[in-house]
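The exercises below ask you to locate a surface patch and some backbone features, and each is followed by a worked solution.

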Amino acid sequence: MMSADERIVPVLLAGGSGSRLWPVSRDDMPKQFQPLTGELSSYQETCKRVSDKQLFAEPLVITNETFRFFARRQAESVGTKPLVVLEPARRDSAAAVAAAAVLAERQNPGGLVLALAADHIVLDNDLFLAAVSRGAEAARKGRIVVFGLTPTEPRTSFGYISPGKPLYGHDDLFEVAKFVEKPDHGTAMGYVKDGYLWNSGNFLFRSDVMIAEFQKNAPEILKAVTAAVDNGAEDLGFLRLEKTAFEQSPAISIDYAVIEKASSIAVVAGKFRWSDIGSWDAIWEVTPRDEADNAVLGAALLMDTRGSLVQSQDRLTTVIGMEDVIVISTEDAVMVAPKAQAQKVKGLVESLKDAGHREASLHPGEHRPWGSFKTLANGERYHVKRITVNPGGILSLQKHFHRAEHWIVVKGTAEVTCGEDIKIVHENESVYLPLGVVHRLANPGKIPLEVIEVQTGSYFGEDDIVRLEDIYSRK
C-alpha cells in the first residue's frame, strides 16, 4: 500500500458546456452531468474510476459555481467526497489546471496530479489504471505525461501525438516527438499509417513541475490563479476562487498554454477504449448496439432501421425505415440528423440562441442546492410545479407578495413551516400557504421528497421570493 504522500491527486475538470450533445446537454446542465450512455453520468464514472484509496487521494473537482451542489451530490452518490473548487469565470482548461497544481503543491509538495476531463468515457478501467501506473514512473522523474490512444480510424475531430523514442525500456511509454492539431481527412489517414496516437487531453504530472512550466511558458496565468487561490474563501464546504484575480487569467487551453511548449513530455500508449463523447456519433460508437447496429436508449421502437442512435426521454419515440441517423427526443425538444452531420449540432444551438429559443440553453426543470423543480402547467392565474427535495434539503424561509401556494405531498415526508407553526406533512396530505405568510419546505426523511405545488395569484416570477433565511447563502 502506498503512503498518503505517494497517492495521486485526481483533478476532475468539470466546467464545460457540451453544446454538440444538445438537446440533452445544455448550458444549465451540461453533458458531464448527464447519463448519456447508461445510468451514471461520465462525471460519476470518472469519480468511480479514481476511487481506489490505495492509489488515489480524494479528488479535486473544478467546476462552475452553477453546478457546485450538483457536482458534490453526484460525487457523493458514488462514494466520493471531493473538494469542489469553484471557478468564478470561464477561462478554459489552463487556469483550471494551474489552480489544481497550486492547490496540490500546497497539500503535498512534489506530489503527482492526474488531470482528467470529466466528460470523457473510458470503457476499460483496469487498462486505464495500468496506463496511469506506467505514466507515474515518468511523471515522478519530472516529465509531464499525456495519454495517447492507438487510432481506430482517421478521425478529424482529435489532435494527434507523434511518439518518439521509448523510455525506460517500455514499449508503451515514449518521448513526445510532436503534437499536431485536428487534421483534414487525408492528413489524418497519414497520421494513422505513421503510428501517431490520438491525444486524449488527460495529463499526469508532478505539481511542482507543472508550476515551473507555467512560470516559464504562461506566467500571467500562474500569477492570476495563485492570487485567486490566495484570496479564495471557503463557502459551505466549497473553495471559491477570488473573482477579480481569476478573471485576469487569459482564456486558453492547457495544451496551447503549457503542454505543447513544455521541455520534457512523455506519452503513454494506452490500451483502454476511450471517447471524448464530443458529438452524438461518438455516443453511438461507445453505446451497446443491437443486431441492426442500432443504439437505443429509453422508450423507443425501431422498424427497418439500421446504424442509428435513438435516445428518448419521457416519451415513446418511433423510427421507421431510416439508416445512419440520430434521433434525440427530450421533454421539450427533438433533434434529428444524419449521423455523418453530427458535428453541426453546435451550429444549430447557436442559431437557436440567436433566435431567442429558451430551449437552446435551459432544460424544462431547474436545479437548486436543495433539489430541483419542474413546471407542469401554467396559465394566467395559476402555475403548477413538481418539486423534488433531496434528503436533508431545506428551502429558504420566504414569503410572496403576489401568490398563494398549495403543497400536496406525493412522495416522502415534508416538514412545513407556515407562519408560527411547524408541522409534518405525509404522503397524500396537503397544506395551504396564504399570500404573504412566511413559509418553508424541508425534507427530514431518508428518501427524496416530491411535492406538487399549485400557485395561484397575479404574478409568479422568481423575483417575488423574499428570502428571510437561507442555509445556502442566497439572497
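**Exercise 1.** In this predicted model, work out which strands each supply at least two residues of the nonpolar patch, and which residues make that patch.

*Solution.* Begin with the strands: β14 (295-303) and β15 (309-320) each contribute at least two residues to the nonpolar patch. The residues that make the patch are L301, M303, L316 and I320, and its area comes to about 450 Å². Now take one of them, M303, which sits in strand β14 and has a relative accessible area of 45%. Because partly exposed covers the range between 20% and 50%, M303 is classed as partly exposed.

**Exercise 2.** Determine where L236 and N428 lie, and decide whether each is buried, partly exposed or exposed.

*Solution.* L236 lies in the loop between β10 (233-235) and β11 (238-240), and its phi is positive, about 55 degrees, although the residue is not a glycine. With a relative accessibility of 32%, L236 counts as partly exposed. N428 belongs to the loop between β24 (421-425) and β25 (430-433), where its phi, also that of a residue other than glycine, is positive and near 70 degrees. N428 has a relative accessibility of 73%, and therefore counts as exposed. As background, most residues other than glycine have a negative phi.

**Exercise 3.** Is the peptide bond from W22 to P23 cis or trans, and in which loop is P23 found?

*Solution.* Look at omega, which is near 10 degrees for the bond from W22 to P23, a cis peptide bond. Then place P23 in the chain: the residue falls in the loop between β1 (9-13) and α1 (42-49). For context, most peptide bonds are trans.

Methods: Residues numbered from 1 in each chain as written. Predicted model: local features only at pLDDT ≥ 70, side-chain atom pairs only at ≥ 80, totals over all residues. Heavy atoms only, no water. Patch = residues over 30% accessible without salt bridge, like charges linked within 9 Å, V, L, I, M, F, W, Y side chains within 5 Å. Areas by Shrake-Rupley, 256 points an atom, 1.4 Å probe, with all protein chains shown as cover. Salt bridge = Lys/Arg side-chain N within 4 Å of Asp/Glu carboxyl O. Helix = DSSP H or I, 4+ residues; strand = E, 2+ residues; numbered from the N terminus. Buried < 20%, exposed > 50% of the residue type's maximum accessible area, 1.4 Å probe, protein only.
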